[in-house]
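Colleague: I would like to go through this structure slowly, asking at each step what lies behind the words that are used for it.

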Amino acid sequence: MATLAASRIPASALWRHVRAFALSLTRPREPETLPVSIDRRRVYVLPTRFGLFYATLLLGMAAGALNYNNNPALLLCLLLGGTGLASLIAAQMQLTGLGITAIDAEPVPAGQLLRVRIHAQADPSRARRGLRVDDDDLLEAALLNLEQGRGEAELTLQTHQRGWLDVPRLRIFTTRPLGLARAWTYFWSDAPLLVLATPEAEGPPLPGGSGEQAQSRLHPAGDDVHHLRGYRPGDSRRAIAWKPSARRGTLLVREYEQPSGADVVLDWHQLGNLAYEPRISRLARWIDEAERDGRRYRLNLPGRPALGPDRGAAHRDACQRALALLPPSAGFAP
Amino acid sequence: MAPTPVLDRTSRHWALLAAVACVVPLLLQLPITLAWPIAAAGAVTTALAWRKPLPAMLRLLLTLLVIGAVLSVSGARFGRDTGCALLAAMLAIKPSETAKLRDARSLIGFSLFAPFATFLLDQGPLSLALGLTAAVGALAALQRFADLEAGDAKFNVPLRSGLRSVLQLMLIGLPLAVATFWLFPRLASPMWGVPDRALARPGLSESMRPNDWLDLMTDDTPALRVRFFGPTPRQDQMYWRGPTLWRFDGEEWTRPLWARGLPAPETQSASMQWDYELEVEPTDRRQLVALDLPLHAPANSELLGDYSLRAARPLASLTRWRMQSAPPRRHEPKLTVMLRQVALDLPEGFNPRTLALAHQWRREAGNDDAAIVRRALEWIRVEFAYTLDTPPWGRNAVDEFLFETKAGFCQHFSSSFVVLMRGAGIPARVVTGYAGGYRNPLGDYWVVRQSDAHAWAEVWLPDRGWVRVDPTAAVAPERIYDTLQDRAPGSDGLLGDFGMPAWNVRDWMRRNWNDLVLGFDADRQSRMFRPIGLGKVDGQQLAILFSIAALLALLWMAWLSARGQREPDPVLRAWRQLGNRYRKLDLERLSHETASAWLDRVARIRPELARDLRELSHRFANWRYAEHQPGTRSTRAAKDLVHALRNHRPKRSHL
């Protein structure tokens with residue numbers, strides 16, 4: 001879990017306590033199921049530093065104008081003040097009515113940056129631009145623009161370990177339209193995101209196949225000519241068999257075949273000499289390699305039925321997911 | 001939280017433009033000797049700091065230099081205008097650091113003080129318009145910075161739509177501003193005084209030097225506006241009496257300081273009375289004028305020993321004074337020995353010929369002071385001429401005027417006349433003020449302009465006291481040369497015959513603006529609800545009213561902001577309106593439905609409605625989705641389509 005570490009701004013202990021207390025009062029106080037709709041009770045507005053400066057300036061002007069009974073100056077000051085207040089309301093309106101429909105991310109191995117997409121939706125009648133999303137602490141804010149009522153922001157989260165990553169309470173905020181106030185709201189998704197196991201950098205090659213039936217597959221870069229077939233758009237020009245084509249009067253393409261190994265069995269129990277996490281790393285790497293080589297593979301993990309043999313993205317994802325979700329080593333005796 | 005972003009080029013332009021817009025109205029109010037150098041300093045600093053910010057030492061040096069320059073130009077006195085000039089100067093060198101968003105924001109923040117300072121110096125329509133424009137510009141710049149901060153600046157909102165959204169925000173904020181303006185309890189008297197200006201505006205003062213009124217006499221701006229309740233004096237009897245000048249040093253007439261401290265003397269006024277309200281344009285001085293002798297001093301002013309009025313505070317902004325006046329029957333019939341002596345005092349060794357003539361007249365007239373006065377006036381009527389084109393005053397200026405040039409304007413006439421009277425042993429003094437006025441038929445009020453400034457004389461006659469004598473008025477009409485051509489304003493302008501009505505309308509609008517906005521104060525506020533029968537409201541009631549109004553205004557603001565924004569594309573807007581018109585038939589277009597899907601649905605349920613709709617929806621789909629070809633999306637075609645969409649109604653005859 002990406003924890004809320006100490007703020008980047010050095011702050012006194014007292015300030016941190018006050019801040020933590022204030023944050024604990026804000027809504028939502030616990031994770032919620034998406035989609036959520038942001039209503040005005042969970043939108044907070046406070047002046048920015050510049051907003052405070054602006055307010056001080058206007059108070060000074062108002063005092064002077066009232067004292068001298070200088071009506072144009074007072075009008076100017078009130079007009080600026082009224083606009084400032086209207087901008088506060090406008091800032092709040094940028095957020096109310098916003099709906100957070102979903103959060104998702106393409107799983108990445110632990111240690112890499114997880115690109116979290118936040119999908120938002122709103123009534124298109126109000127322009128909502130320049131919203132930013134962060135975790136109120138560490139993350140760099142991501143831009144969220146709604147075009148025609150929808151938009152998404154991409155936030156990068158640092159991942160540390162495989163398994164489920166609880167998404168922290170996220171903040172959507174804006175200082176538009178005038179930069180005088182910051183309106184913000186929190187949302188806290190209860191749906192965790194998957195972080196895969198990190199494959200080891202290098203290690204022994206895939207174990208040999210154990211299945212009987214030898215597999216072969218068509219491969220344009222293979223050695224043995226398998227057969228000729230008709231040209232299909234997209235075929236490489238080098239694959240065209242010119243002589244047979246000339247003979248037949250239509251373009252023909254050579255197809256090659258590459259002999260490949262039998263089914264690979266990736267077995268947890270055969271890696272007994274490795275520690276717990278390195279074993280997971282190795283399996284993760286082997287899955288990637290087998291997939292890359294286009295071989296069928298089966299994954300045997302303790303405490304659950306074997307996966308496969310099969311190949312393809314869906315199988316790979318299922319295997320990686322199973323690996324990522326293995327319980328942490330503490331509660332496990334190999 | 002990211003560190004403050006770096007300004008991009010466009011934002012920087014916005015910041016500088018907004019700052020310039022803020023400073024310009026202020027510079028216009030400063031003397032040229034200050035305004036130009038400040039403007040130049042601003043331009044140079046901006047140019048130097050364009051590529052990289054100036055080093056801190058240089059900035060400090062610049063700051064000190066500018067402060068020194070402003071102080072040296074405006075002299076030792078530190079007044080309101082000096083402060084404003086300093087503000088303008090500091091703003092001019094502020095662009096020496098505009099690299100970061102923070103710098104730009106602080107530049108705009110401080111720039112907003114400039115229109116405020118402008119209004120302290122001047123509240124005219126030009127300043128108002130420029131100040132307001134500057135405020136809009138500053139807010140637009142702030143909006144641009146917020147876009148930049150959001151990382152959204154690449155959208156590059158065009159200037160027009162940026163300004164429009166700022167104006168929209170201002171409009172939303174307007175109800176609260178207006179409610180506060182009228183209802184927020186005003187201060188009846190200021191907590192601290194208004195600092196004076198170091199460089200005075202032209203106007204009546206407590207001294208009179210020869211020829212120093214020439215600027216005043218050509219200044220056509222209004223000095224007072226007067227509304228009479230009841231009888232109005234004849235125009236040639238309108239003498240707006242200001243300070244009286246007693247002491248003459250051969251060149252300058254001044255009012256001695258002790259004259260202020262004397263109590264108002266005993267007078268008997270005539271039965272005739274005038275009730276009127278003066279609206280005095282700001283002068284930054286404390287002298288007030290009144291028609292002849294005021295019956296009593298209005299609030300916040302005092303009646304001095306010469307029966308002139310002095311305001312409790314400098315007239316830094318537009319003020320109103322309700323007064324009652326009467327022509328005197330007897331004004332100070334008993335003159336103390338001391339005052340008599342002062343009113344006869346003449347500097348030694350000046351104007352020997354005048355004194356000789358005065359002695360001669362005294363000998364011939366005996367004790368009859370009135371005869372001497374009549375004789376002097378007759379002399380003026382026969383031999384003197386009125387002109388603004390006069391030679392500079394020499395040492396024996398009165399001699400030169402009376403015996404050689406015999407032509408001049410009110411300053412020459414009044415001061416020479418008083419010297420002549422004093423020489424003959426008649427106590428006399430110079431009175432300054434305004435004479436006459438111009439009635440604006442629009443709104444039925446009188447305007448007294450700076451050019452109506454006038455000086456006349458008062459002589460003390462036994463039993464009658466001080467009597468007004470206007471030697472200038474004694475000049476024969478045929479010998480009035482080279483004066484301000486026409487007493488009616490605006491008639492010599494570019495507009496010819498329409499000049500006067502145009503001037504009337506302008507001044508009438510100005511007066512209403514004064515009435516409604518500039519002259520609004522605690523007193524007016526307390527009487528604001530009288531027309532609806534609430535009587536005088538006190539501070540507490542006002543506070544309650546203000547809270548209610550402010551709450552309502554806030555709710556209204558929230559409602560306004562909560563409304564959906566208008567679709568900017570007129571075709572889309574018309575199309576959506578069209579869809580909504582089918583709501584009564586339960587056939588409105590759903591938000592997810594395409595034009596053709598909707599049409600199919602309508603055709604299925606109410607085939608008779610679909611015929612017209614088919615053509616329209618086809619046109620709409622073509623307009624919106626067809627391949628962009630030249631001509632297809634012309635504004636003309638769009639207009640036609642909008643027109644057709646707006647005019648379409650579901651035929652209800654079949655219902």
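Colleague: What distance separates the centres of domain 2 of chain B and domain 3 of chain B?

Modeller: This is a predicted model, and in it the two centres, taken over C-alpha atoms, are separated by 81 Å. Domain 2 covers 207–479 and domain 3 covers 570–647, while domain 1 of chain B covers 9–157.

Colleague: How many residues does each chain bring to the contact between chain A and chain B?

Modeller: Chain A gives 45 residues and chain B gives 50 residues. On the side of chain A that touches chain B, helix H2 (49–67), helix H3 (71–95) and strand S6 (128–134) each supply at least two residues, and the largest share, 19 residues, comes from H3(A). By kind, the residues on that side of chain A are 26 nonpolar, 13 polar and six charged.

Colleague: What makes a group of residues a nonpolar core, and which residues touch the most other members of the largest one?

Modeller: The members must be buried residues of certain nonpolar kinds, joined through C-beta atoms within 7 Å. The largest such core has 134 residues, of which Ala18(B), Ala19(B), Val23(B), Ala88(B), Ile108(B) and Ala138(B) touch the most other members. H3(A) gives the most to this core, with 16 residues. A second, separate core of 43 residues includes Ile380(B), Leu402(B), Ala407(B) and Val459(B).

Colleague: Which residues is Ala138(B) in contact with, leaving aside its neighbours within four places in sequence?

Modeller: With that restriction, Ala138(B) is in contact with Ala18(B), Cys22(B), Ile108(B), Ser111(B) and Leu112(B). For each of these pairs, the word "contact" says that the C-beta atoms lie within 7 Å.

Colleague: How do you know that strands S2 and S7 of chain B are paired?

Modeller: Pairing asks for at least two bridges, and six bridges join S2 (residues 222–229) to S7 (residues 274–280), so the two strands, which run antiparallel, count as a pair. One of the residues involved is Arg225(B), whose bridge partner in S7(B) is Glu279(B).

Colleague: Why are strand S10 and strand S18 of chain B said to stand at the edges of their sheet?

Modeller: The sheet is open, with six strands in the order S10-S13-S7-S2-S19-S18 and antiparallel pairing. Strand S10 (293–294) and strand S18 (438–440) each have a single partner strand, so one side of each is left without a neighbour in the sheet.

Colleague: What share of chain A is called buried?

Modeller: Of the 334 residues in chain A, 34% are buried, a word that asks for 20 or more other C-beta atoms within 10 Å of a residue's own.

How values were computed. Residues are numbered from 1 along each chain as its sequence is written. Chains are lettered from A and ligands numbered from 1 in the order in which they are written. This is a predicted model: local features need pLDDT of at least 70, side-chain atom pairs count only at pLDDT 80 or more; totals for chains, interfaces and linings use all residues. Two residues are in contact if their C-beta atoms, placed from the backbone, lie within 7 Å. Helices (H or I, at least four residues) and strands (E, at least two) are DSSP runs, numbered from the N terminus. Ala, Val, Leu, Ile, Met, Phe, Trp, Tyr, Cys and Pro count as nonpolar, Asp, Glu, Lys and Arg as charged, and the others, Gly among them, as polar. Domain bounds come from an automatic or database domain assignment. A residue is buried if 20 or more other C-beta atoms lie within 10 Å of its own, exposed if 12 or fewer, and partly exposed in between; C-beta atoms are placed from the backbone.
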